[in-house]
Every structure is written in structure tokens, then in C-alpha cells.
Amino acid sequence: MMLGSVVVGIGIAGSVRIRDLLAPLPSSAAEKFSIKGFVSRRTLEDQQGVKQISMTEALNRDDIHAAFICTENTNHEEHIRQFLEAGKHVCVEYPMTLSYTSAVDLWNLAQQKGLVLHEEHIELFTPDFKQLKKDIAGKTLEEGTLHFTGGPLKPNFGFPSFSGIARLTWLVDLFGELTVTAASLVEEKENKYMKMTAHLLTRQQKPLTWIEERGPGLGRAKHIHLRFQDTNITELPAGQREPVGLFMQDLVLFGRKLQGEVSAAELQEERSRILHCLQLADRIQQLSEHTQA
Ligand code: NAD
């Protein structure tokens with residue numbers, strides 16, 4: 001059976017989703033999707049030949065089975081809820097929500113309804129990350145820093161520990177469950193500048209520092225400094241470029257979940273990681289706001 005799909009929010013991510021749904025990777029689970037339309041708050045012309053439909057239509061049509069939520073982060077929660085309530089599977093761009101408790105609620109709702117709730121994490125598919133993960137396998141961490149820099153964030157993307165959840169996901173995927181020991185936020189609104197610093201500990205009590213720094217003129221980059229027992233890694237390795245795009249890899253994964261091709265154990269592990277990251281993000285926000293006050 002084909003899975004009728006709708007894309008909600010036509011920004012960078014939404015446009016890539018439409019592109020990928022129109023030309024899915026051959027012989028992959030992504031071929032099971034068939035795009036039926038897109039939803040936007042604006043009135044738009046056809047996008048890549050796909051027609052705009054209303055939210056009501058998207059929620060009510062029997063031939064629509066899955067929604068791709070690609071709006072700003074502040075809107076994700078409401079959209080996910082609406083589509084799950086309407087009996088549709090959901091693929092949402094990270095971060096799923098801007099609080100841990102709402103994510104738990106939504107996950108419970110999906111489970112009750114027997115629906116797939118999938119959070120995109122393209123950062124785990126990047127060649128750099130895959131190579132880094134291979135390079136550190138078997139090494140014992142002593143301490144580390146992940147410092148992300150980038151341009152100012154658009155409005156409605158939430159607190160930096162949520163908008164930057166991709167970096168936190170890297171740390172958790174590489175080093176396991178973490179705890180937050182301290183966090184702070186420096187913000188100069190008039191200069192569109194912000195710097196969040198979070199101090200974390202691994203289960204082996206090794207310190208990790210995560211910094212999100214954004215401002216005009218800051219290039220998009222990740223700076224790493226990882227000290228292991230026998231070696232240091234101070235640069236991201238350049239991984240092997242892959243022919244399949246990052247969002248397409250994610251689409252295949254969502255398709256495989258819908259076809260029951262992902263094991264319960266894998267699903268459980270992924271869900272634990274996602275919820276753990278959102279819980280850490282929540283804690284970082286709380287501690288930062290406390291420090292600021
Ligand atoms: P975006 O700013 O391009 O779009 C965000 C929202 O703004 C969309 O709902 C879009 O409809 C709306 N929008 C865009 N242009 C508009 C305009 N001119 N007028 C009115 N509304 C407009 O952001 P994005 O990069 O597509 O991010 C969307 C989601 O995807 C976010 O949750 C983000 O965290 C996630 N995400 C994006 C990427 C990426 O590479 N862009 C990667 C991973 C996750």
C-alpha cells in the first residue's frame with residue numbers, strides 16, 4: 001500500500017522533503033510514500049508541481065496517512081498532536097518539541113493510537129559523524145568539548161539547548177547517557193549574539209562541555225577537542241561522502257519504520273536517546289535561566 005503524505009511548512013527543510021518525496025531512492029522504503037499536497041500558513045503556488053491543501057483537508061483525507069512537520073520549532077508540538085489525533089503517522093524535524101514532558105505525552109499518544117512518531121536526526125547520518133564514531137570506538141574518554149558556532153537563529157526556534165539538540169545528540173550517541181552539572185547563557189539581543197555553555201558528565205564521571213554560540217559573522221562550524229587516554233582528537237575527520245542525501249536517508253528510515261522493518265529493540269533504543277536528550281535540554285534551559293536571573 002502506498003502511504004499518502006503531506007508536508008507542513010515550506011522552508012528549507014519542507015522544500016527538501018517535497019523534493020525527496022517526488023524522487024525517492026529507488027528500491028528503498030522511501031518509495032512507499034506518495035505526496036498528496038503541502039500545507040502552509042501562506043498562500044503559495046504549486047511547489048515542485050505539488051498543490052497546497054488546507055490543514056483541515058490534510059487532517060481529514062483518508063488517502064493521507066503521514067505528515068512531515070517542517071515548521072519552526074515552536075509549532076511542532078501542536079502539529080504533531082493534531083496529526084496523531086487524526087490517526088496519521090508523523091515525521092517531525094528535530095527538535096520534536098521544546099520540552100521533555102510534551103515529548104513524553106506525544107510519544108504516549110502515538111503508542112495509544114498505534115502510530116509511528118519519528119524525529120529526524122540527519123546529523124547522525126553525516127559522513128563526519130560516522131567517521132568520528134568509528135575513530136573513537138574503543139577509546140576511553142578523559143574530557144571533551146564540542147563548540148558549535150553559527151549565524152543568528154531565526155525567531156521561534158526555541159532555547160539553544162533545543163534548537164541545537166543535534167549537537168547534544170552527537171554527544172549522547174558517542175558517549176552514552178549524560179548528566180548536567182551547570183549551564184549558563186550569555187545573550188546580547190541588540191547584537192543578535194548568544195552563547196550557551198553546558199557542563200556535562202558521562203556515566204564514568206568524565207567532563208564534557210557543550211557550547212552553542214551564534215552571532216552575525218560566525219561561520220557554521222563544529223570545533224571539537226576530545227582527550228582520550230592515549231590520544232587527542234582536535235578536528236572532525238572528513239568522512240567518505242555518500243551518494244544518498246541526509247534527508248533521503250532519514251526518509252528511508254521513516255519508511256522502514258512504517259513497514260515494520262525496524263526492530264522493537266532499535267525503536268526503544270532510539271526513543272530512549274531522544275527523550276534523554278530532550279530531558280537534558282530541559283535541564284540545561286532551567287539551569288541557564290536560573291543563572292541569568
Ligand atoms: P525555515 O526558516 O526555512 O522554515 C521554517 C518555517 O518558516 C516553515 O514553516 C516555513 O513555512 C516558514 N517560512 C519560510 N519562509 C517563510 C516566509 N518567507 N514567510 C513566512 N513563513 C516562512 O527553517 P528550516 O530550516 O526549514 O527548519 C524547519 C525545521 O527543520 C526546524 O524544526 C529545524 O530545526 C528543522 N531542521 C532543519 C534542517 C535544515 O537543514 N534546514 C536540518 C535539521 C532540522
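**Histidine 276.** I began with histidine 276 in this predicted model, and at 10% relative accessibility I entered it as buried, because the cut-off for that word is under 20%. I then looked up where histidine 276 sits, and found its place in helix 9, which covers residues 264-292. I also took a distance from histidine 276 to leucine 168: the two are 108 residues apart along the chain, yet their C-alpha atoms are separated by 10.0 Å.

**Histidine 89.** I turned next to histidine 89, which lies in strand 4 and has a relative accessible area of 17%, so I noted it as buried. What does the side chain of histidine 89 reach at 2.9 Å? I traced that contact to the backbone nitrogen of valine 116.

**Around the ligand.** I listed the shell around the ligand and found 19 residues, of which Ile12, Ala13, Asn73, His76 and Tyr94 come nearest. By residue class I sorted that shell into eight nonpolar, five polar and six charged residues. When I asked which helices contribute, I noted that helix 1 (12-22) and helix 3 (73-85) each supply at least two residues of the shell. I also checked the pockets, and the space that the ligand takes is the largest pocket.

**Polar contacts of the ligand.** I went through the oxygen atoms of the ligand and wrote down three short distances to the protein, as follows.

- For tyrosine 94, I have a backbone N or O atom lying 2.8 Å from an oxygen atom of the ligand.
- For arginine 41, I have an N or O atom of the side chain at 3.0 Å from a ligand oxygen.
- For threonine 71, I have a polar backbone atom at 3.4 Å from an oxygen atom of the ligand.

After these contacts I looked up how far the ligand is covered: on its own it has 800 Å² of accessible area, and the protein covers 71% of that.

**The loop after strand 4.** I followed the chain into the loop between strand 4 (89-92) and helix 4 (100-113), where I found glutamate 93. Is glutamate 93 buried or exposed? I entered it as buried, because its relative accessible area is 5% and the cut-off is under 20%. I then looked for a partner of this charged side chain, and found that a polar contact of 2.7 Å joins it to the side chain of arginine 17. Proline 95 is found in the same loop, between strand 4 and helix 4, and I noted that a cis peptide bond, with omega at about -10 degrees, joins tyrosine 94 to proline 95. Tyrosine 94 had already appeared in my ligand entry, through its backbone contact of 2.8 Å.

**Positive phi angles.** I looked up two residues that have a positive phi although neither is a glycine, serine 27 at about 55 degrees and glutamine 205 at about 65 degrees. I placed serine 27 in the loop between helix 1 and strand 2 (33-39), and glutamine 205 in the loop between strand 8 (193-202) and strand 9 (207-214). Are these two residues buried or exposed? I entered serine 27 as exposed, because its relative accessibility is 74% and the cut-off for exposed is over 50%. I entered glutamine 205 as exposed too, at 53% relative accessibility.

Notes
Residues are numbered from 1 along each chain as its sequence is written. This is a predicted model: local features need pLDDT of at least 70, side-chain atom pairs count only at pLDDT 80 or more; totals for chains, interfaces and linings use all residues. Side-chain values use heavy atoms; hydrogens and water are left out. A residue is near a molecule or strand if one of its heavy atoms lies within 4 Å of it. A polar contact is a pair of N or O atoms within 3.5 Å; within protein, one must be able to donate a hydrogen and the other to accept it, and residues adjacent in sequence count only if both atoms are side-chain atoms. Accessible areas come from the Shrake-Rupley method with a 1.4 Å probe; for residues, only the protein chains shown count as cover. On a 1 Å grid over the protein atoms alone, a cavity is a set of points where a 1.4 Å probe fits but cannot get out, and a pocket is an open set with protein on both sides within 12 Å along at least five of seven lines; lining residues have an atom within 4 Å of a point. A molecule sits in a cavity or pocket if more than half of its atoms lie within 2 Å of its grid points. Helices (H or I, at least four residues) and strands (E, at least two) are DSSP runs, numbered from the N terminus. Buried means under 20% relative accessible area, exposed over 50%, partly exposed in between (1.4 Å probe, protein chains only).
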